[in-house]
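This report looks at ring pairs, charges over rings, core packing, one helix and the cysteines. Please read it beside the model shown here.

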Amino acid sequence: MPKLSHEEKVALYERIAKRDEQKSDGIDKSRSMIVVKSNALIQQTRYELSLQEQRILLYLISKIKPDDTEIKETEISIIDFCKVCGIDYTKNKATYSYVKSILKNLADKSNWIEFEPDIETLVRWIDTLSIHKGSGSVKISLSRNLAPYLIGLRKQYTQIPLFNILPMKSKYGIRLYEILKSYANLGSKRISIDELKKRLNAESYKDTSNFKKKVLFPALKDIEEYGDVKVSTIFIKTKNKITHIEFVITLIDDINEKISRWDDIENALGK
């Protein structure tokens with residue numbers, strides 16, 4: 001993309017400022033929150049979560065404040081969560097039951113974290129969960145075991161804009177995006193096909209071509225459409241067999257391109 005003139009940059013900055021002024025309601029503020037995770041939690045974890053389970057988990061993590069010293073109980077509105085994620089909330093009881101089932105499934109699941117080489121520890125995502133039927137609000141507390149990987153981070157962490165992951169359509173898209181974002185400062189990351197399958201919990205896709213078609217390419221499409229990074233891939237063969245992928249990762253810093261991406265995301269989520 002050609003470089004912008006000074007006048008074009010000024011016009012774009014003014015547009016950004018105007019957009020920020022207009023975004024005064026709670027939904028837009030929630031969508032603009034940042035998810036902060038330690039790189040260890042991103043890179044050394046493997047788990048199986050649905051698209052909506054990942055969204056609500058990241059939504060909850062985004063509620064953690066920079067000055068928090070411990071995992072605190074958070075109260076969220078089911079309707080607000082639906083609005084933030086672009087879920088049709090007009091179905092009343094059906095929507096309530098749907099979100100309730102997502103929360104229960106998330107609370108029932110656990111993940112393996114490799115804190116030390118060759119040692120995996122089983123950690124659950126949620127400690128406590130209660131729903132107030134009358135108000136449609138949820139009180140929820142993330143697992144306190146996750147505190148070292150979410151609270152008071154000073155180094156080796158990654159910031160993930162909630163806004164960029166909300167419209168993604170593939171559960172693998174969100175996961176791959178946060179993995180690659182954690183390596184963005186390096187500019188590239190080479191990873192074996194087997195290791196990538198493990199990190200994405202996609203080891204059932206034994207055939208590489210099927211893995212590329214059903215997992216990798218849909219995930220990369222999500223990142224291309226909605227992420228704040230550009231990713232290109234180089235497939236590396238060993239004895240005529242693809243064994244590794246080199247991901248080249250570039251942060252999008254062009255203002256014009258950023259605004260175009262924001263417009264696409266807003267259109268996907270709905271105003």
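The paragraphs below go from the aromatic rings to the core, the helix and the cysteines.

The model is predicted, so that local features need pLDDT of at least 70 and side-chain atom pairs count only at pLDDT 80 or more, while totals for chains, interfaces and linings use all residues. Residues are numbered from 1 along each chain as its sequence is written, and side-chain values use heavy atoms, with hydrogens and water left out.

A search of the whole structure gives two aromatic pairs, where rings of Phe, Tyr and Trp (its six-membered ring) pair if their centres lie within 6.5 Å, and planes under 30 degrees apart count as stacked, over 60 as edge-to-face and the rest as tilted. One of them joins Tyr47 and Trp125 in an edge-to-face arrangement, with 5.1 Å centre to centre and 85° between the planes. This pair links distant parts of the chain, 78 residues apart: Tyr47 belongs to the loop between strand S2 (45-46) and helix H4 (51-62), and Trp125 to the loop between strand S5 (119-124) and strand S6 (126-132). Helices (H or I, at least four residues) and strands (E, at least two) are DSSP runs, numbered from the N terminus. Both Tyr47 and Trp125 are buried, that is, under 20% relative accessible area with a 1.4 Å probe and protein chains only.

Two lysines have their charge over a ring, a term that requires NZ of Lys or CZ of Arg within 6 Å of the ring centre and within 35 degrees of the ring normal.

| Charge | Ring | Distance to ring centre |
|---|---|---|
| Lys197 | Phe211 | 5.6 Å |
| Lys212 | Phe235 | 4.5 Å |

The largest nonpolar core (buried Ala, Val, Leu, Ile, Met, Phe, Trp, Tyr and Cys residues joined through side-chain atoms within 4.5 Å) has 71 residues, and those with the most contacts inside it are Leu176, Leu196, Leu200 and Phe247. Leaving aside residues up to four places away in sequence, Leu200 touches Tyr47, Tyr172, Arg175, Leu176, Ile179, Phe211 and Val215, with contact meaning heavy atoms within 4.5 Å.

Helix H4 is mostly covered, as 12 of its 12 residues are buried. At 1.5 Å times one less than its number of residues, the expected span of H4 is 16 Å, which agrees with the 17 Å between its end C-alpha atoms.

The structure holds zero disulfides, a disulfide being a pair of cysteine sulfur atoms within 2.5 Å. The sulfur of Cys85 is 7.5 Å from the closest cysteine sulfur, in Cys82, which is too far for a bond. Cys82 is buried at a relative accessible area of 0%, and Cys85 is buried at 3%.

Notes: Buried means under 20% relative accessible area, exposed over 50%, partly exposed in between (1.4 Å probe, protein chains only).
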